[in-house]
Amino acid sequence: MSKSRKRKRLLQDDGGDSKSPACNGSTISGGDPYPELLRPTVDECRDVRDALLSLHGFPPEFASYRRQRLRSLDGHDTQCSVDSDEEEESVLDGLVKILLSQNTTEANSQRAFASLKAAFPKWEDVLVAEPNSVENAIRCGGLAPKKTVCIKNILSRLQKERGSLCLEYLRVLTVEEVKTELSHFKGIGPKTVSCVLMFNLQHNDFPVDTHVFEISKALGWVPKTADRNRTYVHLNHRIPDELKFDLNCLLYTHGKLCSNCKKNAARPKAKVASPDDCPLQGFSGLV
C-alpha cells in the first residue's frame, strides 16, 4: 500500500464520511454488543488506572481538561476558573484541535493549531481565507488539504445554519443530542465526537483511539474480532463513569509509550522498554 493511500485510510478510521452508520449514531449508541462479556469489571478498571497512574503519573497534556471537569463537578462556572486565570477552551477550538491531531504527533498538531491561530486569529478569518492559505498554516500537522476542507466545511455550516462561528450551544445538549448534532458536519467521525464529549463538554464518555483499542483487545476487555465502534459501545457500558476520564487518558498515554502495548513496537523512545516493565502484564490477557 502506498504511503498516501495508507494515510488516507488512517484518517478514515474516524468515520470521516458523515453518511456512514458510524457517524449517524446507529453504531455508536444502543445496547452492549457483547452482553455476555462481563469485562472489564469495576475492579479491573480501577486497578489498571492505579497501575498506570503509578507508572506515568497523570499525563500533563490532559491536566487542564481534568481541572475543568473537577470544577464542573463542583458546580463552578465552566467558562472560567474561580481559583485561577486559566480560561476554558472553547468547544470550537477543541474540535479543531482534535481534527488537527489525527494521524500526526501531539507536538505537530499543537504546532499546527498555533500556526493556524497566528495566521488567522479569528475563525471568521479562516472562513473567508483561501484554502491554500489555511493549508500552509497547518501543513506541519500533516494531511493539510483534507483537514482544511473539514475545518472550512464546519465553519461554513455553522455560519449558514446558526449565523455565528460558535459551538457553545452544545454545552446544554444531552450526549445523544451532541452526537446527532456533530454527525451533521462532514468529516467528523465517532472518535472525534467522543473526544469533544469527554474533553470539552465534560461528559462521561470513553473515546476509542488506536491505543485504547489495541490495549482493550489485548486485555480481553473486548473480543479479538471487535471493531472500534463495538468496542466503544461495550467499554462505555462497562467502565464506571467516575473512572472513564482518567483511565482513557492513561491508556492513551501508555499505548504511546509502552513498546509492548503499542501497535508499532518499533517506534523509538518508548518509556516502557520491555514487557517486564509494563504493569499491564499482570492482567488477564497480557500474561
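This section describes the helices, nonpolar core, aromatic contacts, cavity and backbone features of a predicted model.

The protein contains 14 helices and zero strands. From the N terminus on, the order of its elements therefore reads α-α-α-α-α-α-α-α-α-α-α-α-α-α. Of its 287 residues, 47% count as buried.

In soluble globular proteins, nonpolar side chains tend to be buried together. In the present model, the largest nonpolar core has 43 residues. Those with the most contacts inside this core are Leu92, Leu116, Trp123, Ile154 and Leu167. Two or more residues are given to the core by each of α5 (91-100), α6 (106-119), α7 (123-128), α8 (131-138), α9, α10 (175-182), α11 and α14. The greatest contribution, seven residues, is that of α5. Helix α5 is also the place of Val96, a residue that counts as buried because its relative accessibility is 1%, under the limit of 20%. Between the C-alpha atoms of Val96 and Thr192 the separation is 9.7 Å, although these residues lie 96 residues apart along the chain.

Aromatic contacts were examined next. A pair of aromatic rings is described by the distance of the centres and the angle of the planes. Six aromatic pairs are found in a search of the whole structure. One of them joins Phe62 and Phe199, whose ring centres are 5.4 Å apart and whose planes meet at 20 degrees, so this pair is stacked. The contact links distant parts of the chain: Phe62 belongs to the loop between α3 (42-56) and α4 (63-73), Phe199 belongs to helix α11 (residues 190-200), and 137 residues separate them. Phe62 has a relative accessibility of 11% and therefore counts as buried. Phe199, at 11% relative accessibility, likewise counts as buried.

Phe62 also forms an aromatic pair with Tyr252, at 5.8 Å centre to centre and 65 degrees between the planes, an edge-to-face arrangement. This pair again links distant parts of the chain, since Phe62 is in the loop between α3 and α4, whereas Tyr252 is in helix α14 (residues 241-257), 190 residues apart. With a relative accessible area of 22%, Tyr252 is above the 20% limit for burial and is therefore described as partly exposed. Phe62, Phe199 and Tyr252 are among the members of a cluster linked by ring pairs, which also includes Phe58, Tyr65 and Phe245.

Aromatic rings also meet charged side chains in this model. The ring of Trp123 has the charged end of Lys117 over it, 4.4 Å from the ring centre. Trp123 is also one of the core residues named above for having the most contacts. In the second case, the charged end of Arg162 sits over the ring of Tyr169, at 3.5 Å from its centre.

Arg162 and Tyr169 appear again in the lining of the largest cavity. The count of cavities of 30 Å³ or more comes to one, and the largest cavity has a volume of about 30 Å³. In addition to Arg162 and Tyr169, its lining comprises Arg157, Leu158, Glu161, Glu181, His184 and Phe185. Helix α9 (residues 144-162) supplies the largest share of this lining, with four residues. By class, three of the lining residues are nonpolar, one is polar and four are charged.

Several features of the backbone complete the description. Arg39 and Pro40 are joined by a cis peptide bond, with omega about 0 degrees. Pro40 lies in the loop between α2 (21-24) and α3. Positive phi values in residues other than glycine are found at Asn103, where phi is near 60 degrees, and at Leu143, where phi is near 50 degrees. Asn103 is placed in the loop between α5 and α6, and Leu143 in the loop between α8 and α9. Asn103 has a relative accessible area of 35% and is therefore partly exposed. Leu143, by contrast, counts as buried, because its relative accessibility is 18%, under the 20% limit.

Technical notes
Residues numbered from 1 in each chain as written. Predicted model: local features only at pLDDT ≥ 70, side-chain atom pairs only at ≥ 80, totals over all residues. Heavy atoms only, no water. 1 Å grid on protein atoms, 1.4 Å probe; cavity = no way out; pocket = protein on both sides within 12 Å on 5 of 7 lines; lining within 4 Å. Points joined across faces, edges and corners; volume = space filled by probe spheres on them. Nonpolar A, V, L, I, M, F, W, Y, C, P; charged D, E, K, R; others polar. Phe/Tyr/Trp six-rings, centres within 6.5 Å; stacked < 30°, edge-to-face > 60°. Buried < 20%, exposed > 50% of the residue type's maximum accessible area, 1.4 Å probe, protein only. Lys NZ or Arg CZ within 6 Å of the ring centre and 35° of its normal. Core = buried A, V, L, I, M, F, W, Y, C linked by side-chain atoms within 4.5 Å.
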